[in-house]
Amino acid sequence: MIPTAVLSTLATVLLLAAPSLRAAPQADGKAVEADWILDRLARPAPMRTGFVELRESKLLKQPLRLSGEYRRPADGVLVREVRAPYAETTTIRANEATIERAGKSPRTFSLSRAPELAGLQASFGALLSGDRAGLAEHYTIESEGTRGQWTLTLVPKRAELAAQVRDIVLRGRGAELRCIETRTPGDAAPQRTLLAGAARAAGKVDDAAGLAALCHGDGPGAQ
């Protein structure tokens with residue numbers, strides 16, 4: 001069985017664009033369209049960006065705050081390096097995901113063992129290449145807000161993917177992707193990953209409300 005952590009990692013790392021996404025020169029108040037957002041999320045490798053992630057679950061007594069770096073050194077190679085509160089590296093290459101921790105043997109999982117993972121691979125490959133039609137094969141795509149502050153929501157169309165991922169919400173300002181919220185059917189609260197300016201503003205914020213405010217563009221340093 002593929003660990004839930006691998007699923008959430010794949011969903012997040014495949015969404016990442018360039019590490020230094022800049023604010024759009026003219027992020028006006030015009031209603032945003034999905035195509036406008038997708039054009040700005042499409043980025044070639046290589047890339048790297050820091051992240052702050054908060055995991056909430058009914059299995060945890062309190063939210064788990066993680067920080068580290070995402071890297072996409074080449075097309076088809078995706079790396080998530082957790083640096084705190086523990087060290088762990090997940091590498092997704094070709095059709096495999098490998099998890100490494102100091103003092104333990106690496107664990108490797110074939111993505112082909114689960115159709116939902118194959119769907120994630122194909123759909124987010126389409127996202128990074130700006131292929132709206134390819135992404136729409138797997139998700140219903142909805143956009144809200146303005147070019148200055150927007151959300152893009154991806155809802156799985158196929159049952160095997162919907163059983164693992166309820167929806168994925170991208171939040172940004174201009175051309176900057178600042179936060180990704182991934183919801184699974186079993187958990188009411190989303191896994192929330194802050195990126196770019198939102199991650200830098202997170203500092204020592206470790207409570208769910210504070211990080212949610214930054215994710216939604218309402219917290220200190222959100223501007």
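This briefing walks through a sheet, the helices packed on it and one arginine. The model is a predicted one. At its heart here is an open sheet of 11 strands with antiparallel pairing.

**The sheet**
- Reading across, the strand order is β6-β5-β4-β3-β2-β1-β11-β10-β9-β8-β7.
- The two edges belong to β6 (107-110) and β7 (139-146), each of which has a pairing partner on one side only.
- From one strand to the next, the twist averages 20°.
- As for what holds such an arrangement together, strands of a sheet pair through backbone hydrogen bonds, either parallel or antiparallel.

**A look at β1 and β2**
- Strand β1 (residues 47-55) and strand β2 (residues 64-74) run antiparallel, with nine bridges joining them.
- If you want a spot to line the pair up by eye, try F51, which stands opposite G68 in β2.

**Helices on the sheet**
- Helix α2 (residues 34-41) lies across β7, β8 (149-156), β9 (167-173) and β10 (176-183).
- Against β8, helix α2 runs at about 90°.
- Helix α7 (residues 208-215) also packs on the sheet, where it touches β1, β9, β10 and β11 (191-195).
- The direction of helix α7 makes about 55° with that of β11.

**R80**
- R80 sits in strand β3, which covers residues 77-84.
- Is R80 buried or exposed? R80 counts as buried because its relative accessibility is 1%, and the cut-off for buried is under 20%.
- The R80 side chain has a polar contact of 3.0 Å with the side chain of E53.

Definitions and conventions:
Residues are numbered from 1 along each chain as its sequence is written. This is a predicted model: local features need pLDDT of at least 70, side-chain atom pairs count only at pLDDT 80 or more; totals for chains, interfaces and linings use all residues. Side-chain values use heavy atoms; hydrogens and water are left out. Helices (H or I, at least four residues) and strands (E, at least two) are DSSP runs, numbered from the N terminus. Buried means under 20% relative accessible area, exposed over 50%, partly exposed in between (1.4 Å probe, protein chains only). A polar contact is a pair of N or O atoms within 3.5 Å; within protein, one must be able to donate a hydrogen and the other to accept it, and residues adjacent in sequence count only if both atoms are side-chain atoms. Two strands pair if DSSP finds at least two bridges between them. Axes are lines fitted to C-alpha atoms, for helices over the stretch in contact, and angles run from 0 to 180 degrees between N-to-C directions. Contact means heavy atoms within 4.5 Å.
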